[in-house]
Amino acid sequence: MSKRKECVAMLLAGGAGSRLFALTDKNAKPAVPFGGKYRIIDFALSNCVRSGIDTVGVLTQYRPQLLHEYIGAGQPWDLDRICGGVRILPPFSCRAGADWYSGTANAIYQNLDFIEQYDAEYVLILSGDHIYRMDYGKMLERHKQSGAACTIAAIRVPMREASRFGIMTLGEGGEILRFAEKPREPESDIASMGVYVFGREKLTEYLIADAAARRSAHDFGKNIIPAMLRAGEKMAAFLFDGYWRDVGTVRSLWECHMDLLGEDPALLLPRGNDRVLSRSENAAPHYIGKGAVVKNVALTDGCEIYGKVEESVLGTGVTVGAGATVRYSVLMGNNTVGADARVLFTVADAGAEIGEDAAVGDESGEITVLCEGARVEIGESFAEKGGEQ
Amino acid sequence: MKVAGLIFSDMRSAGLSELTAVRTAAAIPFGARYRLVDFPLSALVAAGISDIGVWTRSEYRSLIAHVGNGKDFDLARRNGGIRILPPFLNGVRGRETRKNRVEALFDALDFIEHTDAETWVLCDTDTVFNPDIGALLAVHEKKEADLTMLTVSLPVGKSTPAVPIADASGRLLSIGRYAGEGDVCTVCGEIYAVRRTYLCRAVREAFERGEQDFYRGVIGRNLQKDRVFVSHHNGFSARIDSLEAYFAASMALLSFDVRADLFAHKDRPILTKICNYPPTRYLKTARAEDVLCGDGSVIAGSVEHSIIFRNVEIGRTSVVRNSILMSGTVVEEGAVLDGVIADKNVTVRAGRTLTGRADLPLFLAKGSTI
């Protein structure tokens, strides 16, 4: 079997995600639970598989244990392949010494060998911390047609939020004229999604040059893209009009969960063959008890609901006791909400427990975070806000 | 002690003609996300058995689709793993020799003899329970038994079950037929741990004599000499031998204790095919009470005392009560269902009213539009 792959994906999954506060204390951001039965990285991995990309290098660094275990041999995504499949690429040592990945570009630079062994013509760079469903195949097609050195996936964002993103100014043919990473005064509302297609040779050339540059942050948005633009390379944007969210903050993570709800959800997870794939926990079906209320809720296996749950997303194995109320909250999995407890505007990480008659969160509009395995004792109140809201 | 497993589909499915019209009994959907084969299969896997054959008679496509290569049951193995044993159609081993368990076992002898396990666990697929096969094997080994039969307590149904009679040490004295006393009786759970040499010899002899009955022809033939023991399963069990029994066993899952007994054993999870459906969504208009539900459904109407499988849609202002809706069922707006079993991919058109009863559930055939 030929080892050659037309396109290899490199998934950046090493960031600390510090703005997610307690949710990433012990866990890399791509492994943060999402949507009741997923982890954030499931979206990028499922996109790859759906786009016909079967070779994915996952670059890990920060707190990778859970992420490594979760990805395993790639079975849930059909990425356990004879040739290719998913490969975990952690930092390593060699004769010349050992380096952590010092930036997104450096991480790829250190793994150029991995890409070369597949003799890939194109390299797709992804980040493991965005929620979106996209066919990378279409983007790759456009890249080939345009003859660009690099194609960047782009999406329109609200102007007031534009300074959080890499912002592009486009020419009439969709070519990128200017690119500014997190500009204070953005020129446009077209943001980079952190998804890039490069010709492998061009990418290699610029990564080698960047590795030698002393003052570089070795970052795609800050260094590689600007360097290519300065050199006059043809850079194209691929406008994406679907749902895309950077769930980098507690607030955005919570909002993204709320987008799963409603009659016509902004983030509709398909039930057809293009479903998002994930590693399943094999729990029993969920049960809604007598006297329970579930309205505008997403529930998954292992949940046992005896209380009132509204406008919330509950992960695998969540129990809500009789008389308890859960509203506008995200309980990520294996949480217990005791009888008569009240949970409001809260994001509870896996295993967090809320005792009987306890009160968590409030109506202030800010999101309360309960970290992994936390316990709010019987009758206690807890509304500590954390992270960037 | 190396152990292998053999699961028999369709051993006694005569009473399930509606549910088995399009599938072998092992593949009957049950409990919102399972199929009947998941229960014995998971029990075997939990006992560390990784060499498993599934013997089938006919209509086994959905079984193959469900089990696949065994990936979701941790049985995709280089050595052993899971193997479906479909029928041979012609000759000595043809269809006509697969009528009863003696013939089925005779048919499976080559599989049994070519696997290097000294002990075999034989299971049927018509009992819903979570047996501890490890414990059964421990009894089997301790007693140095030829055959150890798992017994269960079952409510007395339509059929007259085989009733094993044992002495205080658990040694089987005789097998009788249920004599009609009491509501619950101890019957054979149709799971056996058996020594391979004994099994092969007894089956071969019974087949040559033309025996029809497994109890009389094999197990009970020489109880003075053969070491045959019983081991009792303490816990929920339900025999699925009629549509009415299927309905009752399904509804039993709405009891917390039954769910705990079947699903809460951390070391004996019930495995099933992973479908990756998204979480089930309950919309603003939804009302749900006493409902067991799988993933991927969208509930906008009212559901009560029902089992809802994966990927079901219940439209606004519709009412579903005392019903079982299998995967792919669509209940359009304003329909009312009470006492209904909808097989897979049934569509109930807007405004229809369909009523059955617990003892006579209204069955809607797979793929039908009402």
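Buried means under 20% relative accessible area, exposed over 50%, and partly exposed in between, with a 1.4 Å probe and protein chains only. The structure is a predicted model, in which local features need pLDDT of at least 70, side-chain atom pairs count only at pLDDT 80 or more, and totals for chains, interfaces and linings use all residues. Residues are numbered from 1 along each chain as its sequence is written, chains are lettered from A and ligands numbered from 1 in the order in which they are written, and side-chain values use heavy atoms, with hydrogens and water left out.

**Exercise 1. Positive phi outside glycine**

Task: Locate Ala32(B) and Thr317(B), and state whether each is buried or exposed.

Solution.

Step 1. Most residues other than glycine have a negative phi. Ala32(B), not a glycine, has a positive phi of about 70°, and Thr317(B) has a positive phi near 55°.

Step 2. Helices (H or I, at least four residues) and strands (E, at least two) are DSSP runs, numbered from the N terminus. Ala32(B) sits in the loop between strand S2 (29–30) and strand S3 (34–35) of chain B. Thr317(B) sits in the loop between S18 and strand S19 (319–321) of chain B.

Step 3. Ala32(B) is buried because its relative accessibility is 0%. Thr317(B) is exposed, since its relative accessible area is 63%.

**Exercise 2. The surroundings of Ile314(B)**

Task: Determine which residues Ile314(B) is in contact with, leaving aside its neighbours within four places in sequence.

Solution.

Step 1. Ile314(B) belongs to strand S18 (residues 313–314) of chain B. With a relative accessible area of 2%, this residue is buried.

Step 2. Contact means heavy atoms within 4.5 Å. On that basis the partners of Ile314(B) include Val298(B), Ile299(B), Ala300(B), Val320(B), Leu325(B) and Val331(B).

Step 3. Glu332(B) is 18 residues from Ile314(B) along the chain, and the C-alpha atoms of the two are separated by 6.4 Å.

**Exercise 3. Helix H1 in each chain**

Task: Establish how many residues of helix H1 are buried in chain A and in chain B.

Solution.

Step 1. In chain A, H1 covers residues 41–50, and 8 of its 10 residues are buried, so this helix is largely enclosed by the rest of the structure. Among the buried residues are Ile41(A), Phe43(A), Leu45(A) and Cys48(A).

Step 2. In chain B, H1 covers residues 38–46 and is mostly covered, with 8 of its 9 residues buried. The buried residues include Asp38(B), Phe39(B), Leu41(B) and Val45(B).

Step 3. A glycine with a positive phi of about 80° comes just after each helix: Gly52(A) after H1(A) and Gly48(B) after H1(B).

**Exercise 4. Salt bridges**

Task: Find which parts of chain B are tied together by Arg195(B) and Asp146(B), and which residues of chain A are joined into one network by shared partners.

Solution.

Step 1. A salt bridge is a side-chain nitrogen of Lys or Arg within 4 Å of a carboxyl oxygen of Asp or Glu. The whole structure holds 45 of them over all chains.

Step 2. Arg195(B) and Asp146(B) form such a bridge, with the closest N and O atoms 3.2 Å apart. Arg195(B) lies in strand S11 (residues 184–195) and Asp146(B) in the loop between helix H5 (133–142) and strand S8 (147–155) of chain B, so the pair ties together parts that are 49 residues apart in sequence. Arg195(B) is partly exposed at 32% relative accessibility, whereas Asp146(B) is buried at 13%.

Step 3. In chain A, salt bridges with shared partners join Arg4(A), Asp119(A), Glu121(A) and Arg200(A) into one network.

Step 4. Arg178(A) and Glu187(A) also form a salt bridge, at 2.9 Å from N to O. Arg178(A) is partly exposed at 44% relative accessibility, and Glu187(A) is exposed at 53%.

**Exercise 5. The domains of chain B**

Task: State where the domains of chain B lie and how many residues each gives to the contact.

Solution.

Step 1. Domain bounds come from an automatic or database domain assignment. Domain 1 of chain B spans 3–263 and domain 2 spans 281–364.

Step 2. Their C-alpha centres lie 32 Å apart. The contact takes 19 residues from domain 1 of chain B and 24 residues from domain 2 of chain B.
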